[in-house]
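Hi there,

Here is the structure I promised to pass on. Please have a look, and then read on for what turned up in it.

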Amino acid sequence: MNNDYGAIVIGAGNGGLMAAATLAKKGVRTLLIDKHNIPGGSASSIHRGRFEFEPSLHELAAVGEAENPSYVRQMFDELGADVEWCIEHKELYHLYVPEEGIDFALSSDPKKLCMDLEKEAPGSAGPMMKMLQLAGEAARAFAYMGMKDYDPNKLDELFPHAKTLAGHTIKEVLDEIGMPERAQRIVSQYWCYLGATTTEMDALTYFRMFGGYLMFGAGMPKLRSHELSLALEKVVRDNGGEVWYNTPAEKILVKDGKAYGVRIGGKDYLCDNVVSNVYPDYAYSYLIDKEEVPERAVKLTNARELALNLFTVYLGMNKTGEELGFKSYSNFILNSTDSDFLVKQASDNRENVPAVIINCLNNVIPDCTPEGTSFLFLTGFFFGNGWDSIKPEEHQKEKERVAEAMIRRCEEALHMEIMPYIEEIEIASPVTFARFLGSPQGTPYGYRMNKWDNYIQRIVDKRLDEKMIKGLDFVGAATHGGDGYSPTYLGGYETAIEIVEAQKEKGEIQR
Ligand SMILES: Cc1cc2nc3c(=O)[nH]c(=O)nc-3n(C[C@H](O)[C@H](O)[C@H](O)COP(=O)(O)OP(=O)(O)OC[C@H]3O[C@@H](n4cnc5c(N)ncnc54)[C@H](O)[C@@H]3O)c2cc1C
């Protein structure tokens, strides 16, 4: 064991942080590096005036209460990563589609949800019950597939509908269970959290998200997502790991199909395993010698489409959420409930923001801002290349134009005034995210899920897709679990455990 490290983790986003914390905790000599001066990637915080804004997290799935924990809380507890969690159990989301006369809150109480939906779309209570059963099964199946002792041969027996859900779109499954069209459109709007429409997204991925939020609520750390990142960073350091910021990886060293180190600041650091939280596109194009990049890796990354990218507006308000008129935490304001139409409108241009999600964080964490104030977080999405052509000198003005349109849209749909009470504002476009995260097109969502590239398919191909170079693993949104906090944490944890097991077998770690 003459190497400098057991593992070098490149990138301290969720996947990298969780991998590094787990590796260090389990006895692997770990170095974690990030090109930025703070950890977290998307999971961070922004200070403006007397406010601390949340930059990315609307809601974290799979946390659960202390007495009914799901896998995210369990992983943090196991590592000793201290987080004060707040959980929202009241509603899934409140949907506003003025053009279709929809103003509907999806209750987190299953019985109430069925009754409310029946009133809104007669004939939907029975299919909704069926959807809730399937959603519960999907959430449990997803957690099972992420476990160390996952046995694909037992999947059908334990979760008889999992493969069928994975092989069909949301729309196909909702049609099959007889959900009326209007009700389908109301219950399928989480699709924008996942980045693929109801006619392309597999139902397993969607249903597990729906079921997860219903069973375990929506988790938020008390002190913004930066609290999560700092808690994991502390686990790395407390267990003898090193964390270096302002440290971009210059090269992943690969020879004869095996990764053996990372070049940092012109110096080669040798290790047994490299874990990359950097997108495969970037790693294969810029960090690895061309002759060492497997042909299959190039084909796969080229075949995959990038998921959506986001535009955000963060507002520190000099009025409380209640004074402004917010009833719900997550408000989805859409031009239409047709997801294909929305994606078309938001593709390869930056004119339209056909969907805005507005969250009032004080509805979950009342004291997250000073007394008498509140924090609003607006998110819109774009697909494709609409922001590629923008000139640097146009960027600020364009950001302001889009932000104003989004704020006005919220004011109109929610019948409230926002503009006059803004004390602090920050805006991030896909260009901002691209610069900050280093992800292609600025997407924080990895690759778009669809029928040929869904979760089960990715699990089956995981060894082939993500382990094309020995000793090199990828973690983060651009891997098999896709985007989001819970999948990226789970992927980082699983990857670390596999490395630990392999190192134990070689006798390189004792505990
Ligand atoms: C506005 C917004 C809202 C979101 N809402 C939610 C939500 O409500 N719920 C949810 O579950 N998910 C949400 N997400 C998605 C979630 O934040 C991401 O999927 C997740 O954080 C991605 O984590 P990651 O592991 O891929 O790392 P990333 O966050 O992509 O971080 C990658 C890290 O790698 C570093 N890096 C890059 N290149 C190099 C290099 N060469 N050398 C060293 N370091 C490098 C970067 O600096 C960065 O720190 C949201 C995202 C955004 C942006």
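Let me begin with the cysteines: how far is the sulfur of Cys86 from the closest cysteine sulfur, and in which residue does that sulfur sit? The closest one belongs to Cys368, and the separation is 9.1 Å, which is too far for a bond. Before going further, please keep in mind that this is a predicted model.

Cys192 tells a similar story. Its closest cysteine sulfur is in Cys410, 13 Å away, so that pair is too far apart for a bond as well. A disulfide would need the two sulfur atoms within 2.5 Å, and the structure holds zero disulfides. As for their surroundings, Cys86 is buried at a relative accessible area of 14%, and Cys192 is buried too, at 6%.

Next, two helix pairs.

The first pair is helix 1 (residues 14-25) with helix 11 (residues 226-238). Their axes lie 8 Å apart, and the packing angle is about 30 degrees. Since angles under 35 degrees count as roughly parallel, helix 1 is roughly parallel to helix 11. The crossing of helix 1 over helix 11 is left-handed. On the helix 1 side, the contact is formed by Leu17, Met18, Ala20, Ala21, Ala24 and Lys25, and on the helix 11 side by Ser229, Leu232, Glu233, Val235 and Val236. Sorted by class, this contact between helix 1 and helix 11 has eight nonpolar residues, one polar and two charged.

The second pair is helix 3 (residues 110-120) with helix 4 (residues 125-145). Here the axes come within 8 Å, with a crossing angle of roughly 145 degrees. Helix 3 passes helix 4 in a right-handed crossing. Helix 3 brings Pro110, Leu113, Cys114, Leu117 and Glu118 to the contact, while helix 4 brings Ala125, Met128, Met129 and Leu132. In terms of class, the contact of helix 3 with helix 4 has eight nonpolar residues, no polar ones and one charged.

Helix 4 also holds Gly126. Gly126 is partly exposed, with a relative accessible area of 47%. If you want a long-range pair to look at, Gly126 and Phe341 are 215 residues apart in sequence, and their C-alpha atoms are 28 Å apart in space.

Back in helix 11, you will find Leu228. Is Leu228 buried or exposed? Leu228 counts as buried, because its relative accessibility is 0% and the cut-off for buried is under 20%. Leaving out residues up to four places away in sequence, Leu228 touches Leu60, Phe76, Val83, Trp85, Pro221, Tyr485 and Tyr489. Leu228 and Ala259 are 31 residues apart along the chain, and 30 Å separates their C-alpha atoms.

Now for two backbone angles that you may want to check. As a general point, most residues other than glycine have a negative phi. Arg224 has a positive phi, near 70 degrees. Arg224 sits in the loop between strand 10 (218-221) and helix 11, and is buried at 5% relative accessibility. Gln441 also has a positive phi, near 60 degrees. The loop that holds Gln441 runs between helix 17 (430-437) and helix 18 (455-460). With a relative accessible area of 25%, Gln441 is partly exposed.

Two more residues are worth pointing you to.

Where is Thr479? You will find Thr479 in the loop between strand 20 (472-474) and helix 20 (485-505). Thr479 is buried, with a relative accessible area of 6%. Setting aside neighbours within four places in sequence, Thr479 is in contact with Arg458, Glu466 and Phe474.

The other is Lys267, in strand 14 (residues 267-276). Lys267 is partly exposed, at a relative accessible area of 47%. From C-alpha to C-alpha, Lys267 and Pro180 are 62 Å apart in space, with their positions 87 residues apart in sequence.

That is everything from my side for now. Happy browsing!

Best wishes

Key: Residues numbered from 1 in each chain as written. Predicted model: local features only at pLDDT ≥ 70, side-chain atom pairs only at ≥ 80, totals over all residues. Heavy atoms only, no water. Buried < 20%, exposed > 50% of the residue type's maximum accessible area, 1.4 Å probe, protein only. Axes fitted to C-alpha atoms, helices over the stretch in contact; angles between N-to-C directions. Helix = DSSP H or I, 4+ residues; strand = E, 2+ residues; numbered from the N terminus. Parallel < 35°, antiparallel > 145°, perpendicular 65-115°, else oblique. Left-handed = near helix turned anticlockwise from the far one by under 90°. Contact = heavy atoms within 4.5 Å. Nonpolar A, V, L, I, M, F, W, Y, C, P; charged D, E, K, R; others polar.
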